[in-house]
Amino acid sequence: MLIAMNEEPEAQQGAGTPDAFERLWTPHRMAYIKGTNKPTGPGPDDGCPFCEIPAMSDEDGLIIARGRSVFAVLNLYPYNSGHLMVCPYRHVADYADLDDGETAELADFTKRALAALRKASGAQGFNVGMNLGGVAGAGIAAHLHQHVVPRWGGDTNFMPVVGHTRVLPQLLRDTRELLADSWPASP
């Protein structure tokens with residue numbers, strides 16, 4: 001409901017005082033806020049989603065690509081469209097605990113993620129990184145994962161800054177399909 005400056009807001013029976021603000025409802029975020037499906041402990045059998053996802057189909061798990069020791073998966077609670085993560089299959093918390101093969105493939109998949117996002121969405125920049133440990137901001141600290149967040153000029157507008165809301169223009173399944181189709185082949 002948009003209200004012109006010279007109009008009175010229409011009465012809202014039982015819904016509070018009208019204030020002429022539009023609302024974007026994102027009820028799916030409540031699962032994240034409440035910690036639904038968050039691991040119950042540090043082990044791989046404690047409900048770790050990064051251990052469970054590889055057993056799913058690519059479509060159901062939102063997996064973009066699978067390697068020998070790592071996989072790329074869309075973030076279920078993205079900061080931007082195309083926000084993905086590169087995860088080792090092995091349940092390991094610290095980057096220093098990766099073996100040489102895992103480290104090399106994680107780096108290779110990160111490079112391929114950048115290429116796929118550039119091709120699929122014309123991303124102009126990226127935030128790439130890991131939060132190691134809960135105090136560093138890791139939502140799932142027990143299983144290492146590297147974030148790859150595509151960025152575009154002007155993508156930080158008033159919605160996240162003032163409204164604390166993200167607007168994602170595409171369904172996750174559609175984003176997964178687009179990125180899987182754009183994923184570069186192994187060298």
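Which residue forms a salt bridge with Arg-112? The partner is Asp-108, and the closest N and O atoms of the two are 3.0 Å apart. Welcome to this structure, which is a predicted model.

## A salt bridge inside one helix

Let's stay with that first pair for a moment. Arg-112 and Asp-108 both belong to helix α4, where 4 residues, or about one turn of the helix, lie between their positions. Their surroundings are not alike: Arg-112 counts as buried because its relative accessibility is 10%, under the 20% cut-off. Asp-108, with a relative accessible area of 23%, is partly exposed.

## Other salt bridges

The structure holds 5 salt bridges. One of them brings together the side chains of Glu-102 and Arg-90, with 2.7 Å from N to O. This pair links distant parts of the chain: Glu-102 sits in helix α4 (residues 100-121), while Arg-90 sits in the loop between β3 (84-88) and α4, and the two are 12 residues apart. Here, too, burial is uneven. Glu-102 is buried, with a relative accessible area of 5%, whereas Arg-90 is partly exposed at 38%.

Another salt bridge joins Asp-58 to Arg-66, and their closest N and O atoms are 2.7 Å apart. Asp-58 is partly exposed, at 26% relative accessibility. Arg-66 is partly exposed as well, with a relative accessible area of 36%.

## The sheet and its helix

Now for the strands. An open sheet is built from 5 strands in the order β1-β2-β3-β5-β4, and the pairing is antiparallel. Which strands stand at the edges of the sheet? They are β1 and β4; each has a single partner strand, so one side of each is left without a neighbour in the sheet. On average, neighbouring strands are turned by 20° against each other, direction ignored.

Helix α4, already familiar from the salt bridges, packs on this sheet. The helix touches β1, β2, β3, β4 and β5, and its direction makes about 15° with that of β5.

## A closer look at strand β3

Strand β3 has two partners to follow. Strand β2 (residues 70-74) runs antiparallel to β3, and 5 bridges join the two. In this pairing, Leu-74 stands opposite Leu-84 of β3. On the β5 side, the pairing is again antiparallel, over 3 bridges. There, Met-85 has His-147 in β5 as its bridge partner.

Is β3 enclosed by the rest of the structure or left open, and why? Strand β3 is largely enclosed, because 5 of its 5 residues are buried. Leu-84, Val-86 and Pro-88 point one way from the strand, and Met-85 and Cys-87 point the other way.

## The nonpolar core

In soluble globular proteins, nonpolar side chains tend to be buried together. In this model, the largest nonpolar core has 29 residues, and those touching the most other members are Phe-50, Ile-64, Val-73, Leu-84, Phe-109, Leu-179 and Trp-183. Strands β1 (63-66), β2 and β3 and helix α4 each supply at least two residues of this core. Which element gives the largest share? That is α4, with 6 residues.

Leu-84 is a good place to see how parts of the chain come together. Setting aside residues up to four places away in sequence, its contacts include Ile-64, Val-73, Leu-74, Ala-113, Leu-117, His-147, Val-148 and Leu-179. Asn-75 and Gln-146 are also among the residues that Leu-84 touches.

## Two more residues to find

Ser-182 lies in helix α6 (residues 172-182). With a relative accessible area of 11%, Ser-182 is buried. Leaving out residues up to four places away in sequence, Ser-182 touches Ala-116, Lys-119 and Ala-120.

Where does Gly-139 have its place? Look in the loop between β4 (125-129) and β5 (146-151). Gly-139 is partly exposed, at 35% relative accessibility. Its C-alpha atom is separated by 9.8 Å from that of Pro-39, although the two residues are 100 residues apart along the chain.

Key:
Residues numbered from 1 in each chain as written. Predicted model: local features only at pLDDT ≥ 70, side-chain atom pairs only at ≥ 80, totals over all residues. Heavy atoms only, no water. Salt bridge = Lys/Arg side-chain N within 4 Å of Asp/Glu carboxyl O. Buried < 20%, exposed > 50% of the residue type's maximum accessible area, 1.4 Å probe, protein only. Pairing = 2+ DSSP bridges. Contact = heavy atoms within 4.5 Å. Core = buried A, V, L, I, M, F, W, Y, C linked by side-chain atoms within 4.5 Å. Axes fitted to C-alpha atoms, helices over the stretch in contact; angles between N-to-C directions.
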